[in-house]
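Welcome! Take a moment to look over the sequence and the model, and then let us walk through a few of its features together.

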Amino acid sequence: MPRKPLIGISTYLEQSVKWGVWELPAALLPAGYAQLVQASGGAAVLLPPDDPAYAAEVVARVDAVLVAGGPDVEPGLYGAPRDPRTGPPAVARDTWELALIRAALDGGTPLLGVCRGMQLLNVALGGTLVQHLEGHARTVGVFGEHPVTPVPGTRYAALVPGPTDVPAYHHQAVDRLGEGLVVSAHAADGTVEAIELPGPAWVLGVQWHPEMGQDLRVTQALVTAATTHPATTPPATTPSAAAPPAPAPAFAPVFSVRHP
């Protein structure tokens with residue numbers, strides 16, 4: 001069988017999740033993300049928050065990275081005071097996903113940011129965010145739909161040439177663009193709906209949630225790009241007998257689990 005491109009997807013990290021008789025800390029992700037990647041021809045692997053020092057090694061083992069939607073980005077990361085309407089911090093996830101994004105950019109690994117992922121891509125390149133928008137999440141916990149219009153000449157416009165309705169749920173958006181990024185789609189009210197990094201590497205962020213819809217064009221393009229950028233697993237090395245042992249990583253687990 002032909003090898004499917006391996007798409008690494010970032011995950012949530014929650015302190016308490018219930019399933020069956022269990023209530024435990026969990027790294028989790030809505031199933032729509034994996035199903036979207038699978039429907040687009042890729043194989044999905046989840047990348048829970050880890051020591052950011054290992055991000056480059058992890059990214060080297062996948063063919064593309066998808067940074068999923070989720071909580072608000074910490075405003076201090078782009079030099080802004082916290083708006084009262086900004087959600088609680090997700091420090092471990094911010095740190096890990098920024099490291100994944102930088103590793104993907106450094107290595108030319110195809111990268112797709114979804115909602116928060118697009119916003120974090122902008123922040124990683126020095127941009128800022130609008131901390132609160134009205135009208136882009138009309139009912140709590142319910143995805144809405146609105147049209148977005150591509151910017152001619154962009155990578156996104158080549159995939160989706162005309163206006164299209166997209167599933168969305170957000171209250172933050174891109175403000176000042178990060179270095180090198182260009183806008184590739186807008187909402188009717190002017191909100192930035194897609195950004196990309198021109199050049200040979202495939203880098204795109206979308207403000208909406210493609211995992212909640214039926215349009216596969218963006219993720220199929222990610223999977224196609226992944227086939228031309230195969231993952232390279234770093235070769236195993238045998239330490240010299242005279243070499244001192246490697247120090248233990250400084251990363252401390254975000255939480256510990258005691259099994260009953």
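## A salt bridge to start with

Glu74 has a relative accessible area of 24%, so this residue counts as partly exposed. Please keep in mind that the model you are looking at is predicted. The side chain of Glu74 meets that of Arg82 in a salt bridge, with 2.5 Å from N to O. Arg82 is partly exposed as well, at 35% relative accessibility.

## More charged pairs

How many salt bridges does the count come to? The count comes to 8 salt bridges, and the pair of Glu74 and Arg82 is one of these contacts.

Asp83 and Arg85 also join their side chains in a salt bridge, at 3.1 Å from N to O. Is Asp83 buried or exposed? Asp83 is buried, because its relative accessible area is 19% and buried means under 20%. Its partner Arg85 is partly exposed, at 48% relative accessibility.

Further along the chain, Asp215 forms a salt bridge with Arg217, and the closest N and O atoms of this pair are 2.8 Å apart. Both partners are partly exposed: Asp215 has 32% relative accessibility, and Arg217 has a relative accessible area of 33%. Salt bridges can also link up into a network, as they do for Arg93, Asp94, Glu97 and Arg116.

## A hairpin and its nonpolar patch

Now turn to β2 (12–19) and β3 (22–28). These strands pair in the antiparallel sense over 6 bridges, and together they form a hairpin with 2 residues between them. Gly20 sits in the turn and has a positive phi of about 55°. Val21 is found in the loop between the two strands.

Which residue in β3 is the bridge partner of Trp19? The partner is Trp22. Trp19 and Trp22 also appear together at the surface, where they make a nonpolar patch of about 360 Å² with Val21. Val21 counts as exposed because its relative accessibility is 77%, and exposed means over 50%.

## The chain as a whole

Stepping back, the protein chain has 6 helices and 13 strands. Of its 260 residues, 45% count as buried. The accessible surface of the chain comes to about 13000 Å², and carbon and sulfur atoms account for 59% of that area.

The contacts give another view of the chain. Among those with a separation of 6 or more, 71% are between residues 24 or more positions apart.

Definitions and conventions. Residues are numbered from 1 along each chain as its sequence is written. This is a predicted model: local features need pLDDT of at least 70, side-chain atom pairs count only at pLDDT 80 or more; totals for chains, interfaces and linings use all residues. Side-chain values use heavy atoms; hydrogens and water are left out. Patches are made of residues with over 30% relative accessible area and no salt bridge: like charges are joined within 9 Å, nonpolar side chains (Val, Leu, Ile, Met, Phe, Trp, Tyr) within 5 Å. Accessible areas come from the Shrake-Rupley method with a 1.4 Å probe; for residues, only the protein chains shown count as cover. A salt bridge is a side-chain nitrogen of Lys or Arg within 4 Å of a carboxyl oxygen of Asp or Glu. Helices (H or I, at least four residues) and strands (E, at least two) are DSSP runs, numbered from the N terminus. Buried means under 20% relative accessible area, exposed over 50%, partly exposed in between (1.4 Å probe, protein chains only). Contact means heavy atoms within 4.5 Å. Two strands pair if DSSP finds at least two bridges between them.
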